[in-house]
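Me: Could we go through this model together? I would like to start with its charged pairs and then move on to other topics.

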There are 2 protein chains.
Amino acid sequence: MKRTDFKNCSCAMQRSMGILGTRWKPIIIYTLRDRKARFGQLDALIENISRKVLTSSLKELEEDGIILREEFKELPPRVEYALTEKGKALIPIMCQLAKWNEEYYEEPAPLIL
Amino acid sequence: MKRTDFKNCSCAMQRSMGILGTRWKPIIIYTLRDRKARFGQLDALIENISRKVLTSSLKELEEDGIILREEFKELPPRVEYALTEKGKALIPIMCQLAKWNEEYYEEPAPLIL
DNA sequence: CGGAATCCCATTTGATACTG
DNA sequence: CAGTATCAAATGGGATTCCG
């Protein structure tokens, strides 16, 4: 069963995971919680993400109605990504998820070299 | 970069995804929100999950301090899984995630065959 | 600048059968 | 019952190059 098939499951949680159940998508949404951002900005803001994953994730999130892609016909080209209402509804949830980690996170012991 | 490497990132959201950023783990946690459950119960309650994925997910969630595995020395064997405090702290978040989907979910058009 | 295209590897997920 | 073992397949992910 592929992930996107989850979207039509009878369980709401499974449907949510059909949209969000990857490593990077929640991070992208979290990054857009308080700003629009251009492709290059997202690439810079999100550590370690590759352009390919960023591209495909943005496309899928757009298809799922989470983000909006706005293309300006300029030179050099400019594209801005922002959350839709449906996406904005996820902001508090994403923030709680980050906060949850901070509350239970234990620093890894520093390596002595 | 593998998912588990996320756990030591500087970004709290990335660290959360290092623990939860898969299809099935949030669903497992959600299923345990109001009950303990045995392995077989989880397998039955969670539609379409395979035993292998269930096994490995439970093991990792235990390592990450999200769930507790209690093994009873009986015959036939009995094992119960329950959320830890750290895991319980995720319950409201998981519930909001399910609720989010219900609010924005549109029934797929029925197929006419 | 914002991708798309290509190539390739790693990880995740899955089906099935078997075991203490 | 609660897993393992095994094998296979899908998906995710990354590096690099190219283009309008």
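Me: Which residue forms a salt bridge with Arg3(A)?
Reply: In this predicted model, Arg3(A) is paired with Glu60(A) in a salt bridge, and the closest N and O atoms are 2.8 Å apart.

Me: Where do the two partners sit in the chain?
Reply: Arg3(A) belongs to the segment before helix 1 (12-20) of chain A, whereas Glu60(A) is in helix 4 of chain A. The pair links distant parts of the chain, 57 residues apart.

Me: How many salt bridges are there over all chains?
Reply: The count comes to 21 salt bridges over all chains.

Me: Turning to the DNA, which residues come nearest to strand D?
Reply: Lys2(A), Arg3(A), Lys52(A), Arg69(B) and Tyr81(B) come nearest, out of 24 residues around DNA strand D. Arg3(A), the salt-bridge partner of Glu60(A), is thus named here as well.

Me: Which elements supply that surface?
Reply: At least two residues each come from helix 4 (51-63) of chain A and from helix 3 (39-45), helix 4 (51-63) and strand 3 (78-83) of chain B. Helix 4 of chain B gives the most, with four residues.

Me: What is the make-up by class of the surface near DNA strand D?
Reply: The surface near DNA strand D has 11 charged, nine nonpolar and four polar residues.

Me: What part of strand D faces the protein, backbone or bases?
Reply: Of the atoms of DNA strand D within 4 Å of the protein, 63% belong to sugar or phosphate, and the rest belong to bases.

Me: Which polar contacts should I look at there?
Reply: On the base side, an N or O atom in the side chain of Lys52(A) is 2.3 Å from a base oxygen of DNA strand D. On the phosphate side, a polar side-chain atom of Arg38(B) lies 2.7 Å from a phosphate oxygen of the strand. Gly40(B) contributes through its backbone, with an N or O atom 3.0 Å from a phosphate oxygen of DNA strand D.

Me: And strand C: how many residues surround it, and which are the closest?
Reply: DNA strand C is surrounded by 22 residues, and the closest are Thr55(A), Arg69(A), Tyr81(A), Arg3(B) and Lys52(B). Sugar and phosphate make up 73% of the atoms of DNA strand C that come within 4 Å of the protein.

Me: Where does the protein surface come from in that case?
Reply: Helix 3 (39-45), helix 4 and strand 3 (78-83) of chain A, along with helix 4 of chain B, each supply at least two residues of the surface near DNA strand C. The largest share, four residues, comes from helix 4 of chain A. By class, this surface has 10 charged, nine nonpolar and three polar residues.

Me: Which atoms of strand C does Lys52 approach in each chain?
Reply: The side chain of Lys52(A) has an N or O atom 3.3 Å from a base nitrogen of DNA strand C. For Lys52(B), a side-chain N or O atom is 2.5 Å from a base oxygen of the strand. There is also a phosphate contact, in which an N or O atom in the side chain of Arg38(A) is 2.7 Å from a phosphate oxygen of DNA strand C.

Me: New topic: at what angle do helix 6 of chain A and helix 1 of chain B cross?
Reply: The axes of helix 6 (residues 91-104) of chain A and helix 1 (residues 12-20) of chain B cross at roughly 85° and come within 8 Å. Angles from 65 to 115 degrees count as roughly perpendicular, so helix 6 of chain A is roughly perpendicular to helix 1 of chain B.

Me: Which residues meet there?
Reply: From helix 6 of chain A, the residues include Met94(A), Leu97(A) and Trp100(A), and from helix 1 of chain B they include Met13(B), Met17(B) and Leu20(B). By class, this contact has nine nonpolar, two polar and two charged residues.

Me: What about helix 1 of chain A and helix 6 of chain B?
Reply: Their axes come within 8 Å and cross at roughly 85°. Among the residues that meet are Ala12(A) and Ile19(A) in helix 1 of chain A, and Ala98(B) and Asn101(B) in helix 6 of chain B.

Me: Last point, the backbone: where is the cis peptide bond?
Reply: The peptide bond from Leu75(B) to Pro76(B) is cis, with omega near 0°. Pro76(B) is placed in the loop between strand 2 (67-72) and strand 3 of chain B.

Me: And which residues other than glycine have a positive phi?
Reply: Asn48(A) is one of them, with phi near 80°, and Asn48(B) has phi near 75°. Asn48(A) lies in the loop between helix 3 and helix 4 of chain A, and Asn48(B) in the loop between helix 3 and helix 4 of chain B.

Methods. Residues are numbered from 1 along each chain as its sequence is written. Chains are lettered from A and ligands numbered from 1 in the order in which they are written. This is a predicted model: local features need pLDDT of at least 70, side-chain atom pairs count only at pLDDT 80 or more; totals for chains, interfaces and linings use all residues. Side-chain values use heavy atoms; hydrogens and water are left out. Axes are lines fitted to C-alpha atoms, for helices over the stretch in contact, and angles run from 0 to 180 degrees between N-to-C directions. Angles under 35 degrees count as roughly parallel, over 145 as roughly antiparallel, 65 to 115 as roughly perpendicular and the rest as oblique. Contact means heavy atoms within 4.5 Å. Ala, Val, Leu, Ile, Met, Phe, Trp, Tyr, Cys and Pro count as nonpolar, Asp, Glu, Lys and Arg as charged, and the others, Gly among them, as polar. A residue is near a molecule or strand if one of its heavy atoms lies within 4 Å of it. A polar contact is a pair of N or O atoms within 3.5 Å; within protein, one must be able to donate a hydrogen and the other to accept it, and residues adjacent in sequence count only if both atoms are side-chain atoms. A salt bridge is a side-chain nitrogen of Lys or Arg within 4 Å of a carboxyl oxygen of Asp or Glu.
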